[in-house]
Amino acid sequence: MQRKRVTVFNGDDASPEVMKPTVDLLKKLELAIDFEFPLIGEAAEKAYGKMLPDETIASIDAADATFFGSTSGQSTAALFYLRWGKQTYANVRPCQWIPGYKSPMANPQGIDFIIVRENLEDLYLGLEGNIEDLHALNFYSKHARSSLSDLGAGRYAIKAITESGSERIIRYAFELASKRAGGKKVTLTSKYNMLSQVDGLFRDIGLQMSSSYPDIEFETFIIDDFLCRMISNPQALDVVVMPNLYGDIMSDGAAGLIGGLGLAPSGCYGDDYAYFESAHGTAPDIAGLNIINPTATILSAAMMLEYLDFNQHSKTLQQAVIQVYAQGKFIPVDQGGNASTTSFCNAIANCF
Ligand code: ATP
């Protein structure tokens, strides 16, 4: 197999504490992968006069994938490039309970679903501003419940959902469901009652597309109803697709179902690029303590290995996680144990 290239950003605050040992685990697997660590943030500014220099962009472009540590600002420009620049429209966030995870649920057995979050549109376009700037547009909609000119001073953000953006993410969800061993079901959720235009379009496209996938069950729920169902019967879910903001919020909730953010991996896929990062942030409150749980990062790395066609090694990493939690000797602090980040990673390394 041709050697692969992976660009790595270790991230900020506690993030390097999980990124560095995870890259060490990948190196221990002796894969045909070359890792690059381009400069970013202040270090890049010193060397090149820019937080995101052309050299760093070139490294991302030349790589087969990027492994991204959460950022509190230093690598935000790289993140925006990875997302909008590389059009990574599908944010895939698996939610699977493994024995040993400290779930708050009485019966977490069998929780195994994937949130597919649209990653580029919705309220994340960054089109925000002062409400008074809109007055000149004389904007009117027959769906309006209030008039723009009656609103006082304040800010707006544009929520836009496109046909093509919805089609590609919903198709992604159907294709994923058709490949999964699970229940072969797609659940679509949005606020299609109150937001009948934007979120209604998202649902309509799902309804239309469902006829092309007769072997896959399709259901839709309004997002508030969905949240109640996700908490009361998560085992009923297989693949769930939703617009950007809901996906951001629901996936943290989904992580909570199995035991918290330390367990939630994530991958962002486009048609010809992908990057991988844990769903959690930089955990600044526990930086430097060597207690951040690396599970989310290790499982994100496993997703990356699968994307890079190292399927067997991806399984090796996942199996190691299952084994360490099953043995129960090196359980991270957020899961009720007392294993440091380092000793958990050592335990994973000892599995292969
Ligand atoms: P950011 O602004 O980067 O999103 P944040 O503090 O708002 O940072 P998170 O970093 O996701 O958000 O952290 C939320 C809480 O979850 C914090 O208390 C953090 O310590 C905890 N947390 C997040 N990730 C982990 C992890 N991998 N292991 C243990 N605790 C974690």
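This dialogue walks through a ligand site, a buried aspartate and a surface patch in a predicted model.

User: Start with the ligand. Which residues surround the ligand?

Analyst: A residue belongs to the shell if one of its heavy atoms lies within 4 Å. Here the ligand is surrounded by Leu-261, Gly-262, His-280, Gly-281, Thr-282, Ala-283, Pro-284, Asp-285, Ile-286, Ile-292, Asn-293 and Asp-334. By class, that shell holds five nonpolar, five polar and two charged residues.

User: Where are the polar pairs between the ligand and His-280, Ala-283 and Asp-285?

Analyst: Look for N or O atoms within 3.5 Å of each other. The His-280 side chain places an N or O atom 3.2 Å from a ligand nitrogen. Ala-283 uses a backbone N or O atom, 2.6 Å from a ligand oxygen. For Asp-285, a polar side-chain atom sits 2.7 Å from an oxygen of the ligand. Of the 610 Å² of accessible area that the ligand has on its own, the protein covers 62%.

User: Next, Asp-122. Is Asp-122 buried or exposed?

Analyst: Buried means under 20% relative accessible area. Asp-122 has 0%, so Asp-122 is buried. Asp-122 lies in the loop between E5 and E6.

User: What does the Asp-122 side chain contact?

Analyst: Its side chain makes a 2.7 Å polar contact with that of Lys-159. A polar atom of the Asp-122 side chain also lies 3.3 Å from the backbone nitrogen of Asn-244.

User: Which residues form the nonpolar patch on the surface?

Analyst: Patch members need over 30% relative accessible area. Leu-125, Leu-127 and Ile-158 form the patch, with about 230 Å² of accessible area together. Leu-127 lies in the loop between strand E5 (112-118) and strand E6 (128-130). Leu-127 counts as partly exposed because its relative accessibility is 45%.

Conventions
Residues are numbered from 1 along each chain as its sequence is written. This is a predicted model: local features need pLDDT of at least 70, side-chain atom pairs count only at pLDDT 80 or more; totals for chains, interfaces and linings use all residues. Side-chain values use heavy atoms; hydrogens and water are left out. Patches are made of residues with over 30% relative accessible area and no salt bridge: like charges are joined within 9 Å, nonpolar side chains (Val, Leu, Ile, Met, Phe, Trp, Tyr) within 5 Å. Accessible areas come from the Shrake-Rupley method with a 1.4 Å probe; for residues, only the protein chains shown count as cover. A salt bridge is a side-chain nitrogen of Lys or Arg within 4 Å of a carboxyl oxygen of Asp or Glu. Helices (H or I, at least four residues) and strands (E, at least two) are DSSP runs, numbered from the N terminus. Buried means under 20% relative accessible area, exposed over 50%, partly exposed in between (1.4 Å probe, protein chains only). A polar contact is a pair of N or O atoms within 3.5 Å; within protein, one must be able to donate a hydrogen and the other to accept it, and residues adjacent in sequence count only if both atoms are side-chain atoms. Ala, Val, Leu, Ile, Met, Phe, Trp, Tyr, Cys and Pro count as nonpolar, Asp, Glu, Lys and Arg as charged, and the others, Gly among them, as polar.
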